[in-house]
Every structure is written in structure tokens, then in C-alpha cells.
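Opened a new page for this one. I wanted to go through the helices, one odd peptide bond, the core and the greasy surface.

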Amino acid sequence: MNLTVMLFSVMIIFSAILSLSSTSWLLFWVGMEMGLLSLLPIVYSHGSLLVSESSMKYFLVQSLASILMFFGGALIFMLLINSWLSQSLMFISLAIKIGLFPMHFWVIPVLSGLWYPQIGVILIPLKVAPLALINYIELNSLLMNILYFMVVMSMLSGGFIGNNSSNVRGMVGASSIAHTGWLMISMYVGKLWFYYLIYSFVLILVLGSIWINNNLFGGISVLSLSGLPPFIMFSVKYLVVWMLVMEGFSILSLLVVVLSASISLMFYLKFSYSFMLNKKKGGFFSSLIFILLNFIGSLVLLLYI
């Protein structure tokens with residue numbers, strides 16, 4: 001890792017901290033843009049044409065979202081015009097930023113051309129500020145109902161896209177779309193950041209194991225990302241569903257949530273098998289440690305519940 005990559009990686013982390021700690025809407029927006037611009041030197045440092053093409057797609061889509069967010073934020077926070085139009089502009093821009101259905105059109109094309117560390121940067125630190133903002137703003141009842149529909153469709157579409165994916169990057173993109181729906185539905189019960197932290201931890205392990213070509217560790221990490229019991233993601237999803245029941249969500253809504261998890265499980269199992277059946281497995285000790293951590297984490301979460 002050269003000095004340029006290290007510098008701009010620090011700037012991405014700093015941009016998220018700036019957005020979360022700012023008391024001004026303009027500083028919050030500037031922090032998000034700083035993170036977006038800091039990604040480009042990291043991507044271009046590899047010099048690959050395919051990587052450059054994906055980064056340009058990401059930049060154009062996120063720039064459109066930033067423009068919509070600026071106008072929506074200016075109306076809401078500066079001019080204090082909390083109208084349906086301003087809320088809609090903010091809502092659409094945030095849906096594009098995090099890749100929520102039907103604004104998930106950029107996720108697979110962008111991730112398909114990037115290296116795994118770059119995918120991790122897009123899916124983990126660059127999502128912090130948009131998630132914080134969508135958790136903060138108040139939406140009217142119509143937009144809340146639309147958001148719930150988009151959340152459910154994101155969970156379902158992620159599963160269907162994953163089952164049609166034939167490469168690992170497509171699988172990671174489909175997983176991101178599905179987990180974005182889970183992140184949003186966990187927001188309803190106040191567990192957004194808890195779900196985000198566990199998901200980010202498992203996703204880092206998945207991308208890292210694939211990056212170092214550790215197939216056994218990668219297969220187990222993909223199983224953990226799927227939410228299959230007794231891995232730690234299962235406990236987090238179980239906590240979210242249990243709290244949805246406590247909040248009085250309808251049985252039909254809960255059935256759709258569980259169905260989406262079952263659909264996603266099929267492509268997780270497919271890619272996990274492909275990793276584990278690979279001749280070059282490697283990393284037995286690290287995989288054993290990860291399995292133990294998952295078991296302990298699941299036990300602690302279940303006892304907490």
C-alpha cells in the first residue's frame with residue numbers, strides 16, 4: 001500500500017467522522033463529498049481500465065445523488081421548508097447513496113469492476129453518513145410507507161439477483177442490496193448501528209479471505225454472512241425479527257422478511273460450496289478461530305435476547 005492510498009484511506013474515515021460529529025447541515029454534506037472524492041485516487045492507483053470505468057460509474061451516480069441531497073437539505077435545514085418535495089428529494093438521494101431498491105441499479109455494475117478492498121470501502125465506511133442521515137430525518141406517512149415497500153423489495157431483489165449471479169463480486173453486490181434492506185428494517189426497531197457493525201465485521205472477513213485466496217475461510221465467512229445458524233449474523237437477524245414482533249408488525253410483513261432471507265440463503269450456500277470444494281483450501285486454523293468466534297458471539301446475543 002503506497003502513501004497516496006494510505007492518505008486518502010484516512011481521509012475517508014475522517015470524512016465519516018466529520019459528517020457524524022457536525023452540527024451543521026453543510027458540514028455534513030461536505031463530509032460526504034470528501035469521502036466520495038477521496039475514493040477516486042484509491043481506485044485510480046491500480047491503473048486498470050475496468051476499475052477506472054467502474055469508479056467513473058460510481059462517481060456519476062453519487063454526484064447525481066449529491067446534487068439532489070444538496071437541494072433537499074437546503075430546503076429542509078436552511079430554508080426550513082419541510083415540504084413533500086424537499087423530503088422526496090432527500091429520500092431519493094439517500095436511496096441512491098445506499099443502493100436501496102429501486103435505486104440499486106448501480107451496485108452490481110460498479111462492484112463488478114473493482115478490487116475487493118475497494119468494494120469494502122464503498123460498502124462499509126462510505127455508507128455511514130447516508131445511514132446516519134436517513135436515521136435522523138423525519139418523513140411523512142406516505143414516504144414512510146414507500147420506504148417500507150422499498151425495504152422489502154430490496155431484500156427480495158437482492159436474493160433473486162444473487163441467485164442469478166455467476167461471480168463472487170456479483171454475489172457481494174447482491175448481498176449488499178439484501179443487507180441494505182435489513183439495515184433499513186432494523187432502523188424501525190432502533191438496531192441500525194448494531195446490525196451495521198456486525199454486518200461490516202463479517203463483510204470485512206469475507207472480502208479479506210477472498211483477497212488472500214483462503215477458500216476455506218472464505219466459504220465459512222460467506223455462510224456467516226448468510227445468517228445461517230449458529231453464525232453470528234443469524235443472531236442479529238433473529239434479534240431484528242423478534243423486535244419487529246414486539247413492535248406489532250403484521251404476520252404477512254414478517255413472512256416476507258423471512259422469505260427473503262430464505263431466498264438469499266440459496267445463493268450464499270452455492271458460493272460457499274464453491275469455495276469449500278476448491279482444491280486450494282488453506283487457513284484451517286484461522287477458519288477454526290472464526291467458527292469459535294461466531295459460536296461465542298451467537299451465544300452472547302441469544303442470551304442478551
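My notes follow, helices and loops to begin with, then the inside, then the outside.

**Helices and loops.** I'm working from a predicted model. I looked up helix H3, residues 49–78, and got 30 residues reaching 41 Å from the first C-alpha to the last. That is close to the 44 Å expected at 1.5 Å a residue. Just after H3, I found Leu80 with a positive phi of about 60°.

Where does Pro102 sit? I found Pro102 in the loop between helix H4 (84–98) and helix H5 (107–111). The peptide bond leading into Pro102 from Phe101 is cis, omega near 0°.

**Inside.** I checked Thr180, which belongs to helix H9 (residues 168–187). Is Thr180 buried or exposed? Thr180 has 1% relative accessibility, so I put it down as buried, the cut-off being under 20%. Beyond its neighbours within four places in sequence, Thr180 contacts Ile98, Gly99, Leu100, Lys127 and Ser154.

Next I pulled up the largest nonpolar core, which has 89 residues. Ile122 and Met184 touch the most other members. I listed contacts for Ile122, again skipping neighbours within four places in sequence: Leu39, Tyr58, Trp106, Val110, Leu114 and Lys127.

**Outside.** I also noted a nonpolar surface patch of about 500 Å², made by Leu26, Leu27, Val30, Met78, Leu79 and Ile81. Helix H2 (residues 25–44) gives the most to this patch, with 3 residues. I picked Val30, in helix H2, for a closer look. Val30 comes out at 33% relative accessibility, so I have it as partly exposed.

Methods
Residues are numbered from 1 along each chain as its sequence is written. This is a predicted model: local features need pLDDT of at least 70, side-chain atom pairs count only at pLDDT 80 or more; totals for chains, interfaces and linings use all residues. Side-chain values use heavy atoms; hydrogens and water are left out. Helices (H or I, at least four residues) and strands (E, at least two) are DSSP runs, numbered from the N terminus. The expected span of a helix is 1.5 Å times one less than its number of residues. Buried means under 20% relative accessible area, exposed over 50%, partly exposed in between (1.4 Å probe, protein chains only). Contact means heavy atoms within 4.5 Å. A nonpolar core is a set of buried Ala, Val, Leu, Ile, Met, Phe, Trp, Tyr and Cys residues joined through side-chain atoms within 4.5 Å. Patches are made of residues with over 30% relative accessible area and no salt bridge: like charges are joined within 9 Å, nonpolar side chains (Val, Leu, Ile, Met, Phe, Trp, Tyr) within 5 Å. Accessible areas come from the Shrake-Rupley method with a 1.4 Å probe; for residues, only the protein chains shown count as cover. A salt bridge is a side-chain nitrogen of Lys or Arg within 4 Å of a carboxyl oxygen of Asp or Glu.
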